[in-house]
Amino acid sequence: MDNSKIKRYTVTAALPYTNGPVHIGHLAGVYLPADTYVRYLRSNKRDVKFICGSDENGVPITLKAKKEGVTPQVVVDKYHKIIGDSFREFGVSFDIYHRTSSEMHHETASDFFKTLYDKGVFTEEVTEQYYDEKAQTFLADRYITGTCPKCGNENAYGDQCENCGSTLNATDLINPKSTLSGEPPVRRETKNWFLPLEKYEDQLRAYIEGHKEWKPNVSGQCHSWLNAGLQPRAMTRDLDWGVKVPVKDAEGKVLYVWFDAPIGYISATKELFRFSGTAGVNPKADEYYLNKDEAAQGNWEDYWKDDTTKLVHFIGKDNIVFHCIIFPAMLMAHGDYTLADNVPANEFLNLEGQKISTSKNWAVWLNEYLLEFKDKQDVLRYVLTSTAPETKDNDFTWKDFQARNNNELVAVLGNFINRVTVLTHKYFDGKVPALMELNEQDQLVIDELALYPAKIGASIETYRFREALTEVMNVARLGNKYLAETEPWKVIKTDENRVRTILNISLQIVASLEILIEPFLPFTAAKLKGMLNHESHLWGDAGQMGLLQADHQLNETALLFEKVEDTDVQAQIDKLNQSKVDNIAANVVVAPAKENIDFEQFSAMDIRVATIIAAEKVEKTKKLLKLTLNTGLDERTVVSGIAEYFTPEEVIGQQVSLLINLAPREIKGILSQGMILMSENSDGKLTFVSPLQNHANGSVIR
C-alpha cells in the first residue's frame, strides 16, 4: 500500500490458545515483532490500534479441561489471566487484550456467519466424520491423532502435522485414534456447513500475487495451496464448547475455531471502541486495555472497512494458510471488509537444539521467566529479537542469552551510556556542556548519526526487525568508538572546551538512543529517559543535535544492565534437563503383569532381610559384583549384576531383601546362593528393595 494513502493502521497478533502460558517461541514468532512495529508507528504519531486476545474456543481448550477434570470455562479463565498479566508485565502494548468467550465476540462471530449463510455462501454437506463409540461423540480434528501421510510422523493431529507443517484432514491420517479413549474411531454421517474455497481461488490468487513484497515463506505456502487446488472446508464442528451455529438444525454444533478466531480481531476492535476509557479492566468481559484513561476516537469500522487503513497480521508460520487463504476468503464472501496488506509470518524458534514442546515442558515460559529474571524484560526482548526466526528456524540457548546480555547490552549499549553520563557528572556536575568548536571527526560522527533513524525505520517498516536492532546497536558502537578515539578523560587535563564538545555530541547520541531503543527495549528507554531528565521525543527527532540543550541537568546515573552469571544460566539448563527426566518418567511403558500364580506358589518363596558384609568386583566382567551376606541363618555368597550402578564400597552395610531359597547357580565360576530384589526406575537405574527401618537379619518378608 502506498504510504501516502494510509490514514490508520490495524495491527493484529495471533490469538494465543488459553490452554497454557505463553513461551518464548510465541514471543519471538509473533508478539515481539508486532509490539516493536506498533511502538515504532506510535513514535511516528501514526494512528494505530494493536489488537489481540485469548482464543478460548479451540479444541485444545476442551482437551485441557478433560485432562484437568474441570470445565472449559475454568481453564480459559485461568490462562486468560496468566497470559494477559504476562503480556502486560513484559511490556507488550496491546490497545486491547480481548477474549473470544465474551458476549461481544459470540455476537460478532454469529452475525458474520449468519451474513454468509443468508447470502447463500455455504454449502450444506452430509459427510462421514470420525466418531468415538466409547466416548459417544464426534471427534474434532484435534481429538484425533495418527500417522502423517506426508512425513510419517506418528503423532500428527487431524488438522495439522506439527513435524512437517502440513495441513491435513482427519481422514488423511493413517491408523487414526481418538485422544479421548485411545480407541480407533469409526465414521458416521453428520451434516456441516462448508465454505467453498474453490470459488474464491481466482480472487485469492490475484490478491496474493498482488503482494510481491510478502515474505517468501508466506507467498510460497500460499501458492502451494493454490496450485494444489482449493477444496471446500467445513466451517462448523460437532462440539459443545464454542460459538453456537446460529441456524436451524444445528443443535450440538459450533463454529470451526478457524472461522471464529480471526473474527476475534474484529470483535476486539468493536469492544475497544465500546469500553475504552474505563478504569483499567472491564469487569464484565475481563479485557485489558492500554489506553485505559483515554477513550478511542472514531468508529471501529474505520479500522476494518476503509481502504485507507493498513491491516497487518503478525502470526507464526503454522497459521499462514488460515490468515492468507481462509480468512481472506471469508472477508471476500462477506464483502464489507478490507484485506490484510501484509502477513509477516516468522518461522519457528527452537530451544537448546530441540523443537519447543508444550506437552513435554520443553519451553521457557514467560510467566516463569518474569519471576526468575526480575526486571530483565528487556534482556529477553533483546535476545529474542536478535535471534528471531524471520526467514528460517532459529535456536535459543541460555549460553547465547548470557553472551548477548554480557557482551552486547552490558559491554556495548550500557557501557557507552554509563561512561558518557558518569563523565558528565564528574566534569560538569551533571549539566550538559555546550557544543564548542567542531573538527572533522566530530562532523563525521554527527553526519553518521543523522542517517540511522531513517535506516532503522526502513528496516522496521519492511519487518526486518533483527536488522533494525543491529543498526540500533551500531549507534551505540558509533558512540563507543568516538569516545575511545577522542579520550576525553585524557584531554580534560589540557583542553576543557574540547571535552565539552566531545561530551555534548556523546550525550546527543545517548538521547537519540533513548528514542531508537524504545520500540525494542521499552523498559530501558524509560530508565534512560529518567536519567536524561527530558521530555519524550518522536522518532523524527532522533539523530539530531540539540535534543539535550546546554546546561540541561541530568539526573543521577544508574546502570541499565547487569551481568548474567554462570549460575543463573546453569539453573535454567538444569531445569530443562529435569524436564527430560520427567518426560521419560511420565511416558515410561510399564511392563505388563505376568500370569497369575496361586498362593501356594507365592508361599514357597522365602524372602528374608539380609545385610551385605563384603563386596568385590567379579574379574573380567562389567556388571557383576560378588557379595557376601549375613542372612541371620548363615553367611552366603550371591553374584549380582549391579556393578554399573554401585561400587563395592558403597553397598557394604546395605540391608536388602534376599530370596534365599532360590536354587544355587554357578556364575563365572562362583556359586551364587540367592537373589537380591531390586526395583528399576524409568531411566533404568536400580535401587535396593530395603526395609525403611533396620530389621534383624533373617526377618521374614511376607
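**Briefing: cysteine site, helix H8, cores and sheet**

At 36% relative accessibility, Cys164 counts as partly exposed, because this value lies between the 20% limit for buried and the 50% limit for exposed. The model is predicted. Cys164 is one of four cysteines that an unreviewed UniProt entry annotates as "binding site". The points below start from that site, then take up helix H8, the nonpolar cores, Glu390 and a five-stranded sheet.

**Annotated cysteine site**

- The UniProt annotation "binding site", from an unreviewed entry, covers Cys148, Cys151, Cys161 and Cys164.
- These cysteines span 17 residues in sequence, but no two of their C-alpha atoms are more than 8.8 Å apart, so they gather at one spot.
- Cys164 sits in the loop between E7 and strand E8 (174-178).
- With neighbours within four places in sequence left aside, the contacts of Cys164 are Cys148 and Cys151.
- Cys148 belongs to the loop between strand E6 (144-147) and strand E7 (156-157).
- Cys148 has a relative accessibility of 2% and therefore counts as buried, the limit being under 20%.
- Residues up to four places away in sequence not counted, Cys148 touches Asn153, Ala156, Cys161, Cys164 and Leu168. Two of the annotated cysteines, Cys161 and Cys164, are thus among the contacts of Cys148.

**Helix H8**

- Helix H8 covers residues 320-334, 15 residues in total.
- From its first C-alpha to its last, H8 reaches 21 Å, close to the 21 Å expected at 1.5 Å a residue.
- H8 bends by about 30° at Phe327. A proline, Pro328, follows within four residues of that position.
- Of the 15 residues of H8, 15 are buried, so the helix is largely enclosed by the rest of the structure.
- Gly335 follows H8 and has a positive phi, near 100°.

**Nonpolar cores**

- The largest nonpolar core contains 163 residues. Those with the most contacts inside this core are Tyr37, Phe259, Leu380, Phe396, Trp398 and Phe401.
- H8 supplies the largest share of this core, twelve residues.
- A second, separate core has 17 residues, including Ala610, Ala615, Leu629 and Val656.
- Phe401, listed above for the largest core, touches Tyr369, Phe373, Val379, Leu380, Val383, Phe396 and Val564, not counting residues up to four places away in sequence.

**Glu390**

- Glu390 is placed in the loop between helix H10 (377-386) and strand E18 (394-396).
- The relative accessible area of Glu390 is 11%, so this residue is buried.
- Glu390 and Gly29 are 361 residues apart along the chain, while their C-alpha atoms are separated by 7.8 Å.
- Beyond residues up to four places away in sequence, Glu390 touches Lys215, Ala345, Asn346, Tyr463, Arg464, Phe465 and Arg466.

**Five-stranded sheet**

- An open sheet of five strands runs in the order E21-E20-E19-E22-E25, and its pairing is antiparallel.
- Strand E21 (635-640) and strand E25 (675-676) form the edges, each pairing on one side only.
- Strand E19 (residues 607-617) pairs with strand E22 (residues 655-659) in the antiparallel sense, over five bridges.
- Ile607 stands opposite Leu659 in E22.

Notes. Residues are numbered from 1 along each chain as its sequence is written. This is a predicted model: local features need pLDDT of at least 70, side-chain atom pairs count only at pLDDT 80 or more; totals for chains, interfaces and linings use all residues. Side-chain values use heavy atoms; hydrogens and water are left out. UniProt positions are given in the numbering used here, feature names are shortened, and annotations may be inferred rather than shown by experiment. Helices (H or I, at least four residues) and strands (E, at least two) are DSSP runs, numbered from the N terminus. Buried means under 20% relative accessible area, exposed over 50%, partly exposed in between (1.4 Å probe, protein chains only). Contact means heavy atoms within 4.5 Å. Two strands pair if DSSP finds at least two bridges between them. The expected span of a helix is 1.5 Å times one less than its number of residues. The bend at a residue is the angle between axes fitted to the seven residues ending there and the seven starting there. A nonpolar core is a set of buried Ala, Val, Leu, Ile, Met, Phe, Trp, Tyr and Cys residues joined through side-chain atoms within 4.5 Å.
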